[in-house]
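The following exchange examines how certain structural terms are justified.

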Amino acid sequence: MRGSLNVQLSREPHKRADFVSTLRRARDWYRGPMPELPEVETVRRGLLPYLEGRVIERVEILDPRLVRPWAPADIVPAFAGRSVERLERRGKWLVFRLSGGMTALHHLRMTGSFAAPDQPEPSHVRMRYFIEGVQGSLRYNDPRRFGTLEVGTDTEIDALLDSKLGPEPLDDAWNGDVFHAAVHHRTAPLKAVLLDQKVVAGLGNIYVDEACFLAGVRPDLAADRLSKPRARRLVDAVKDRLIEAIAVGGSTLRDYRGVEGDAGGMQERFYAYGRAGKPCLVCGATMRGARVAGRSTSWCPHDQKS
Ligand SMILES: [Zn+2]
């Protein structure tokens, strides 16, 4: 095995208070949509033909910030000569399972994306993957530079993911009863608990508003006031909206693009997200808007009564 890496994940950058507060400030400033589960899943599927089952000849890390607090020289050797055995997704993380028991973990954060080797050179390339049998390189591009890359053993990365993430929303094991049991004692608004990655992994502002609309529940309803039947409806709505979004390649509102440069189509199918002040597509009432859980939120006062 080449390039063995002694990574101590206790130094993960995203656990550091300064990184988290910078990210929060940047998010408040940015106010744009960020990749959520369907967008990350679309990227994963786009990467499959270039990575899964192939050997990484080498990588170049052009921006040290991507791997902070590590230096590129610490991380680069871990990739060389390893094959990508499986390309997985967990929540909003891309999980590259490498040969020899190593895993690489990309988080796109606000503006991270990948460009296929035959796509034009993006303007903010932070990393290149050179793959055996593939002409050119697969580029990781990130104008705002909040994306992260970590490399560790499978065990280290799994422990990291398990410490941060609850169930996957599209797993059958995540159902209305499980969700109800997890949140029925919480007084926070539904929006906050659905955004909590430990309650359910992968949701963000877009799909939480969309799921609440489809389920007919207000995003500012306190979680402990959600009945079991409505919890089941809400979970079904989360799954429905995610499945539909994945089928159309996610939502493109600002920066997000698929690996082949393609825009998603879900933004044309929104009922709630970003529609405050506009007429409800179902009943025509004016959609309400407010900040809930610190995030801009919209709902229909007629169709989402409580
Ligand atoms: Zn309505």
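Two strands are said to pair if DSSP finds at least two bridges between them. The model discussed here is predicted.

Q: What makes strands E3 and E4 a pair, and which residue in E4 stands opposite Leu94?
A: Pairing requires at least two bridges. Six bridges join E3 (residues 93–98) to E4, and the strands run antiparallel, so the criterion of at least two is met. Leu94 stands opposite His106 in E4. In the hairpin of E3 and E4, three residues lie between the strands, and Gly100 takes a positive phi near 80°.

Q: How do you know that E4 also pairs with strand E8?
A: Between E4 and E8 (residues 148–153) there are six bridges in the antiparallel sense, and the definition asks for at least two. In this pairing, Gly152 of E8 is the bridge partner of Thr103.

Q: Why is strand E4 called mostly covered?
A: A residue counts as buried if 20 or more other C-beta atoms lie within 10 Å of its own. Five of the six residues of E4 (residues 102–107) are buried.

Q: Why is helix H7 described as largely enclosed by the rest of the structure?
A: In H7 (residues 205–215), 11 of the 11 residues are buried, and the helix is therefore largely enclosed. Among them are Asn205, Asp209 and Glu210, as well as Ile206, Val208 and Phe213. The buried residues of H7 pack against helix H6 (190–195), helix H8 (228–247) and strand E10 (295–299). Just after H7, Gly216 takes a positive phi of about 75°.

Q: Which residues touch the most other members of the largest nonpolar core, and why is this core said to lie between two domains?
A: The core has 74 residues, of which Leu190, Leu194, Leu203, Tyr207, Ala211 and Cys212 touch the most other members. Its largest share, eight residues, comes from H7. Because domain 1 (9–164) and domain 2 (176–299) both give residues to this core, it lies between them.

Q: What does Leu190 touch, leaving aside residues up to four places away in sequence?
A: Contact requires C-beta atoms within 7 Å. With those sequence neighbours not counted, Leu190 touches Cys212, Val217, Pro219, Leu221, Ala223 and Leu226.

Q: What is the crossing of helices H2 and H8 called, left-handed or right-handed?
A: H2 passes H8 in a right-handed crossing. H2 (residues 37–51) and H8 pack at an angle of about 35°, with their axes 9 Å apart. Where they meet, H2 contributes Leu37, Pro38, Glu41 and Thr42, and H8 contributes Leu242, Ala245 and Ile246.

How values were computed. Residues numbered from 1 in each chain as written. Predicted model: local features only at pLDDT ≥ 70, side-chain atom pairs only at ≥ 80, totals over all residues. Buried ≥ 20, exposed ≤ 12 C-beta atoms within 10 Å, placed from the backbone. Helix = DSSP H or I, 4+ residues; strand = E, 2+ residues; numbered from the N terminus. Contact = placed C-beta atoms within 7 Å. Core = buried A, V, L, I, M, F, W, Y, C linked by C-beta atoms within 7 Å. Domains from an automatic or database assignment. Axes fitted to C-alpha atoms, helices over the stretch in contact; angles between N-to-C directions. Left-handed = near helix turned anticlockwise from the far one by under 90°.
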